[in-house]
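Trainee: I have a structure open and some questions about it. Can we go through them one by one?

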Amino acid sequence: MIYIVEDDVSVRDAIARMFESLDLSCAAFADGESFLADASPRLEDTVFVDLHLPGLAGSDLIEKVAALDEAPQIVAISGQPLWKITRELPKMNATPIVRKPLKEQDLLTYV
Amino acid sequence: MVSSSCLHSVLDTAVNGIIIIDDNATIQVYNRACENLFGYTSEEAVGQNVNLLMPDAVAAQHDGYIQKYLKSGDARVVGIGREVVARHKDGTQIPVELSVGEAQTESGHQFIGVLKDLRATKEYEERLRVLQSNLVTMTRVNALDEMGAAIAHEVNQPLTALMLYLQTGARRARATEQPDEAMITLMDKAVTEAARAGQIIQRMRNFVERQAPQCIGTGLATLIDDCLELVRVGQETDDVEFVSSFVDYNYHLELDSVQIQQILVNLIRNAGEAVKDRPVKKVVVSVERDEENVFVKVTDTGAGLDEDVVSHLFKAFTGTKRRGLGIGLAISRSIAQNHGGDLTVEPYEEGKGATFTLRLPVNSKATSKAEAVV
């Protein structure tokens, strides 16, 4: 299972449709709160998290997900300038980061 | 008839240097201001050729100038006045404004020179010029950077979606039973173009990200004074009062002075614009401090900014000014954030002007630690 947490409607839709067209099952969420409430990621899953989220910050979500018992693979997505990303790094514990704009290859590497 | 001693006391009271020479260029009168200006005493100077007070190149020519003038009446400086370079006893060159008059006396032709010391003026002008040119350069560079960053950021999301839609579409076009070759070609071309746009955005971003702030210890009060001076110089009229209430000249802060200057000049200039048509035209820069931050506040006596304006104040390309791109505040805020600080505006209060607050961390390391804990 692939999870996407991304607040931008178009980006979220485009990523989901891309995975669906490859017959990969995925679920998309607009924010960290709804992901934590409704998803139950497991070890073999992958979670793509946009760092810039409303409410719970992307880096905090990553911290929480990484602390799960069966923590899935986590990949951060960011369209932010580097200095903003750098500020979040201490919480992210070597999570790989994909920067926008991105191509499908950038995401497919991780699934 | 004025007595000679009276005349000498007048000469010695004058702020400007006054020299009288005869038609052989010999110094007859040399007042007290000249002693300070040139380093020679009156005793040393009187009786000498006036070219004593000139740099070598001019000194060699000067007797010739006088002879030529006396013959032809072709004036280079007499009755005109201009900036010339004089020479101090210790050899240093001094910029002076020289005006020369002439008189026919019983003892012959005399020239009267009045010299105004321009050193202070020159230094001041030079300092302002350097400040201004730094600022102009930085403003240009930063405006470009910020426009780049703003565009990169705004375009990123739709471009990402576009790219993924196109790639998915292209794959679908290939997967059908009877693939439409023309359609596939078009989709592939579209993907290539989207990729090209993405590369441009990335290049722009890489360029911007190379420029980290250059932080060095800077006197905050002096920096504020400089900013006020820069804005005053650029004003068309001088009826706006720009003041700083921060006078702790020993207080130093680690910051990129040119960048912070750019923020403050931008804020002060905006404030100046806001009070133009107001009965009271005043802009005040004040400073507040706590343990972790310094707050530099720019307050004006303008009409204030209501919530509607404030809500999109810091977004690029949304300004209400007819001139400029309206990215000044967006740039300023991102510079502040690059320093680990921020730029905010106080909420609207009926009857009060606007106050912008520039927050800067006292110690950037302490701040980043605090943020990591939060």
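**Strands, cores and contacts**

Mentor: Yes. Keep in mind that this is a predicted model. Start with one pair: V284(B) stands opposite T299(B), a residue of β10(B).

Trainee: Which residue stands opposite V285(B) in β10(B)?
Mentor: Look at the two strands first. β9 (residues 282-289) of chain B and β10 (residues 293-300) of chain B run antiparallel and are joined by seven bridges. They form a hairpin with three residues between them. Opposite V285(B), in β10(B), stands V298(B).

Trainee: Which strands stand at the edges of the sheet in chain B?
Mentor: The sheet is open and has five strands, with mixed pairing. Their order is β7-β9-β10-β12-β11. An edge strand here has a single partner strand, so one side is left without a neighbour in the sheet. The edges are β7 (241-244) and β11 (342-345) of chain B.

Trainee: By how many degrees are neighbouring strands of this sheet turned against each other on average?
Mentor: Direction is ignored for this value. The average is 15 degrees.

Trainee: What is the bridge partner of F242(B) in β9(B)?
Mentor: Here the strands to compare are β7(B) and β9(B). They run parallel, joined by four bridges. In β9(B), F242(B) has as its bridge partner V283(B).

Trainee: What angle does helix α10 of chain B make with β11(B)?
Mentor: Two helices can be described here. Helix α8 (residues 257-274) of chain B packs on the sheet and touches β7, β9, β10, β11 and β12 (355-361) of chain B. The direction of α8 makes about 25 degrees with that of β10(B). Helix α10 (residues 328-338) of chain B also packs on the sheet, touching β11 and β12, and its direction makes with that of β11(B) an angle of about 135 degrees.

Trainee: Now the chain contacts. Which element gives the most to the side of chain B that touches chain A?
Mentor: On this side, 22 residues of chain B are in contact with 19 residues of chain A. The elements giving two or more residues to the chain B side are α5 (119-175), α6 (181-209) and α11 (364-373) of chain B. By class, that side has ten nonpolar, eight polar and four charged residues. With 15 residues, the element that gives the most is α5(B).

Trainee: Which element gives the most to the largest nonpolar core?
Mentor: That core has 39 residues. Y3(A), I4(A), V5(A), I15(A), F48(A) and V49(A) touch the most other members. Elements of both chains each supply at least two residues, including β1 (2-5) and α1 (9-21) of chain A and α6 of chain B. The most, nine residues, comes from α5(B).

Trainee: Which residue of chain B does I15(A) touch?
Mentor: Leave out residues up to four places away in sequence. I15(A) then touches I4(A), E6(A) and L107(A) in chain A. From chain B, I15(A) touches L164(B).

Trainee: How many residues are in the second, separate core?
Mentor: Its members include L255(B), I260(B), V275(B) and V298(B). You met V298(B) above, opposite V285(B). The second core has 34 residues.

Trainee: Is V75(A) buried or exposed?
Mentor: V75(A) lies in strand β4 of chain A. Its contacts, beyond four places in sequence, include T46(A), F48(A) and Y110(A). The cut-off for a buried residue is 20 or more other C-beta atoms within 10 Å. V75(A) has 21 C-beta neighbours inside 10 Å, so it counts as buried.

Trainee: How many C-beta neighbours does G113(B) have inside 10 Å?
Mentor: G113(B) sits in strand β5 (residues 108-117) of chain B. Beyond four places in sequence, G113(B) is in contact with I19(B), L98(B) and V100(B). G113(B) counts as buried, because its C-beta neighbours inside 10 Å number 24.

Trainee: Within what arc do the buried residues of α3(A) fall?
Mentor: Those residues are G58(A), S59(A), L61(A), I62(A) and V65(A). They line one face of the helix, because, seen down the axis of α3(A), they fall within an arc of 155 degrees.

Terms used:
Residues numbered from 1 in each chain as written. Chains lettered and ligands numbered in written order. Predicted model: local features only at pLDDT ≥ 70, side-chain atom pairs only at ≥ 80, totals over all residues. Contact = placed C-beta atoms within 7 Å. Nonpolar A, V, L, I, M, F, W, Y, C, P; charged D, E, K, R; others polar. Core = buried A, V, L, I, M, F, W, Y, C linked by C-beta atoms within 7 Å. Buried ≥ 20, exposed ≤ 12 C-beta atoms within 10 Å, placed from the backbone. Pairing = 2+ DSSP bridges. Axes fitted to C-alpha atoms, helices over the stretch in contact; angles between N-to-C directions. Arc of directions from axis to C-beta.
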